[in-house]
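Please examine the sequence and the three-dimensional structure shown below. The report that accompanies them is set out under short headings.

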Amino acid sequence: MTATAWHDVPTITIYRPTCPVCGHWGYVLVRSADNGDSTRTRYAVCKRCSGRFKIIVELPLSGKGALGTP
Ligand SMILES: [Zn+2]
């Protein structure tokens, strides 16, 4: 592997999930379930308004962009 200057690499932006009710970013994950299709559903409760919502996370299993791939 060759060294690459950090200013030459692509940038991706990942937005922090926020409560769909009040917009607050703080939440507690109460449980998580594998959907069997390389996605995972996380069940969350907002710390500010106690609103409940689900977060769907896509988890590439292998190949380019897979989680855990350096
Ligand atoms: Zn909220």
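The following sections describe the overall make-up, the sheet, the two hairpins and one buried residue.

## Overall make-up

The structure is a predicted model. Its secondary structure amounts to 3 strands and 0 helices, and the order along the sequence is β-β-β.

The protein has 70 residues, of which 4% count as buried. Among contacts with a separation of 6 or more, 24% are between residues 24 or more positions apart.

## The sheet

The 3 strands form an open sheet in the order β1-β2-β3, and their pairing is antiparallel. The edges are occupied by β1 (27-34) and β3 (52-58); each has a single partner strand, so one side of each lacks a neighbour in the sheet. On average, neighbouring strands of this sheet are turned by 25 degrees against each other, with direction ignored.

Strand β1 pairs with β2 in the antiparallel sense over 7 bridges. Within this pairing, Arg31 has Tyr43 of β2 as its bridge partner. Strand β2 (residues 39-46) is in turn joined to β3 by 7 bridges, and these two strands also run antiparallel. On this side of the sheet, Thr41 stands opposite Ile56 in β3, and Arg42 stands opposite Ile55 in β3.

## The hairpin of β1 and β2

Between the strands of the hairpin formed by β1 and β2 there are 4 residues, and Gly36 takes a positive phi near 80 degrees in this hairpin. Ser38 is also found in the loop between β1 and β2. The phi of Ser38 is near 65 degrees, a positive value in a residue other than glycine.

As background, most residues other than glycine have a negative phi. Is Ser38 buried or exposed? Ser38 counts as exposed because it has 12 C-beta neighbours inside 10 Å, and the cut-off for an exposed residue is 12 or fewer.

## The hairpin of β2 and β3

The hairpin of β2 and β3 has 5 residues between its strands. Ser50 is placed in the loop between β2 and β3, and its phi is positive, near 65 degrees, in a residue other than glycine.

Ser50 is exposed, because 12 other C-beta atoms lie within 10 Å. A positive phi near 65 degrees is thus found for Ser38 and for Ser50; Ser38 belongs to the loop between β1 and β2, whereas Ser50 belongs to the loop between β2 and β3.

## A buried residue in β2

Cys46 lies in strand β2. Why does Cys46 count as buried? Cys46 has 20 C-beta neighbours inside 10 Å and is therefore counted as buried, since the cut-off for a buried residue is 20 or more.

Which residues does Cys46 touch, leaving aside those up to four places away in sequence? They are Cys19, Val21, Cys22, His24, Tyr27 and Gly51. For one of these, Val21, the separation from Cys46 is 25 residues in sequence and 8.7 Å in space, taken from C-alpha to C-alpha. Another of the residues that Cys46 touches is Tyr27, and residue 27 is where the range of β1 (27-34) begins. Gly51 is also among the residues touched by Cys46.

Note on methods:
Residues numbered from 1 in each chain as written. Predicted model: local features only at pLDDT ≥ 70, side-chain atom pairs only at ≥ 80, totals over all residues. Pairing = 2+ DSSP bridges. Axes fitted to C-alpha atoms, helices over the stretch in contact; angles between N-to-C directions. Contact = placed C-beta atoms within 7 Å.
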